[in-house]
2 protein chains.
Amino acid sequence: MSQSFPMISLAIPTLCLVGAGPGDPELITIKAVKTLQRADVVLYDALVNDALLEYAANASKKVFVGKRYGCHALSQQEINYLITDYGTRYDNIVRLKGGDPFVFGRAQEEIDAALEAGMEVQIIPGISSALAVPASEMIPLTCRGVNESFWVVTGTTRNGGLSSDIRLAAQSTATVIILMAMSKLEEIKEIFSQHGKSETPVAIIQNGTTPDSKMVIGKIHDICFRAQHAELNNPAIIVIGEVVNLNREVMQKEVLQEVEISSGTHTYENISPLCPSSL
Amino acid sequence: MSQSFPMISLAIPTLCLVGAGPGDPELITIKAVKTLQRADVVLYDALVNDALLEYAANASKKVFVGKRYGCHALSQQEINYLITDYGTRYDNIVRLKGGDPFVFGRAQEEIDAALEAGMEVQIIPGISSALAVPASEMIPLTCRGVNESFWVVTGTTRNGGLSSDIRLAAQSTATVIILMAMSKLEEIKEIFSQHGKSETPVAIIQNGTTPDSKMVIGKIHDICFRAQHAELNNPAIIVIGEVVNLNREVMQKEVLQEVEISSGTHTYENISPLCPSSL
């Protein structure tokens, strides 16, 4: 049937906050893909893999609203404005966010703006980089007999400082995962050292789950040097805890060193698998 | 080309640990679906949505290995045996696990068994119920200005007791998410109360992200009564923290009560939005 009059939609416009996952474009859910397919507008962040925008073939607008290379593309207020403004003209506004929208995603501010404007709101969870990036390097966040919890902390709080929760986390037995904290690595090292954890293993993974993934493993006392030497930067995930030792590469090094030692004079206990001789 | 001789595979058999997500069958990743499509054998848990098995149309075997209604279908050792035994006859063994395989999934024991048997191992992360179930009820795990971290703890440790980490978690400002802990709710209430948190909001969500989803909201001091009254049981997620107040239902009740109060003699501050008059 042809439509010769302008369409007037009677539907209530919806803001759908969609988790884009940690980087690998296949780590998005079926539900997220279906939501992108019916999107009229997509507002997307810097940490979103561009390949995902191809699912939104029917969208009239695809707007980049993220930060890149430290430049603030749009303020949170400006993003909120775009959401509600597009909501007056389109039915399905998708806000595509890196990782999971409810994990350090400033989702609440966008939800509040949309609800105030009379829009409906829906959440599609995503694979959080806090969980998936360690997994991609074979580091489980929990392991029976090793630990019973994991704690995810942001390194960048509203006032720009390190979260005071990290001081508490350092006293716990949890695997501690710190996001967006590369500029505060020295401070994190100090806090964990003060709580007797200078020998606790640490992994730092940059661009996890993508072909550019880069990982450094060390201990609290030497992780700053190792990260600097490897030129690691944000976006990176810092994982602190004994589970880091379960990483396969570490295990393999351990076996290798054991073989080397058996033909030398050292005892096995003297060599840490986390300190290869190259450093 | 016809194949009249028995096939001898030269490929190294692979164990792929796949996250099935929190319950909603659309909350599985594209990568997980592709892995299921090429599976020869699928070993699946009780918390996996049966609809997901349809993706494994080419699999010769689909074996249920989980616990149901407290009955232990198979021990961990028996599951490990199945993985390695199928690995001698098939190339692609998929271990489909509820949520994320590296979050309280006993993945390490299965990985160790597979590696010892000379198999390769791959991990496909899943949407963890610890994150997605609160999200499905519009409870963010973090909110700028409310908290700076979240802590996921298991209620059931190797020795059957409550994790000692919960005592530490109660002292932090983190949103605390406790899995598989319905039988220890009274004990959790005691611990949080001892740390001055009897007024902290709590949500308990059973069968989250599925059509059978059921939620109760209260505070530490009355959550046991409310959960019992609503007949909530495992599998359930307990969420403790101020973010629970961001749940829309709570907010709506708050507005409703404000309207009721404005025509009565109470002041708004006297009424907690978490304590509706029905209780």
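Salt bridges between chain A and chain B come to 4 in this predicted model. One of them pairs the side chains of Glu26(A) and Lys34(B), with 2.5 Å from N to O. Polar contacts add to the picture: 28 residue pairs are linked this way across the interface of chain A and chain B, counting pairs in which both residues have pLDDT 80 or more.

As for what chain A brings to the contact, six pieces of secondary structure each supply two or more residues to the side that touches chain B. On the helical side these are helix 1 (30–37), helix 3 (107–116), helix 4 (129–136) and helix 5 (165–169), and the strands are strand 7 (120–124) and strand 8 (149–154). Strand 8 of chain A chips in the most, with 6 residues. Sorted by type, the chain A residues that touch chain B split into 30 nonpolar, 14 polar and 12 charged.

Strand 8 of chain A also pairs up across the interface. Its partner is strand 8 of chain B (residues 149–154), and the two run antiparallel, joined by 5 bridges. Within that pairing, Val153(A) has Ser149(B) as its bridge partner.

Turning to the contact as a whole, chain A puts in 56 residues and chain B likewise puts in 56 residues. Together the two chains bury about 5000 Å², and carbon and sulfur atoms account for 63% of that area.

Terms used:
Residues are numbered from 1 along each chain as its sequence is written. Chains are lettered from A and ligands numbered from 1 in the order in which they are written. This is a predicted model: local features need pLDDT of at least 70, side-chain atom pairs count only at pLDDT 80 or more; totals for chains, interfaces and linings use all residues. Side-chain values use heavy atoms; hydrogens and water are left out. Contact means heavy atoms within 4.5 Å. Buried area is the accessible area (1.4 Å probe) that two parts lose on being put together, summed over both. A polar contact is a pair of N or O atoms within 3.5 Å; within protein, one must be able to donate a hydrogen and the other to accept it, and residues adjacent in sequence count only if both atoms are side-chain atoms. Helices (H or I, at least four residues) and strands (E, at least two) are DSSP runs, numbered from the N terminus. Ala, Val, Leu, Ile, Met, Phe, Trp, Tyr, Cys and Pro count as nonpolar, Asp, Glu, Lys and Arg as charged, and the others, Gly among them, as polar. Two strands pair if DSSP finds at least two bridges between them.
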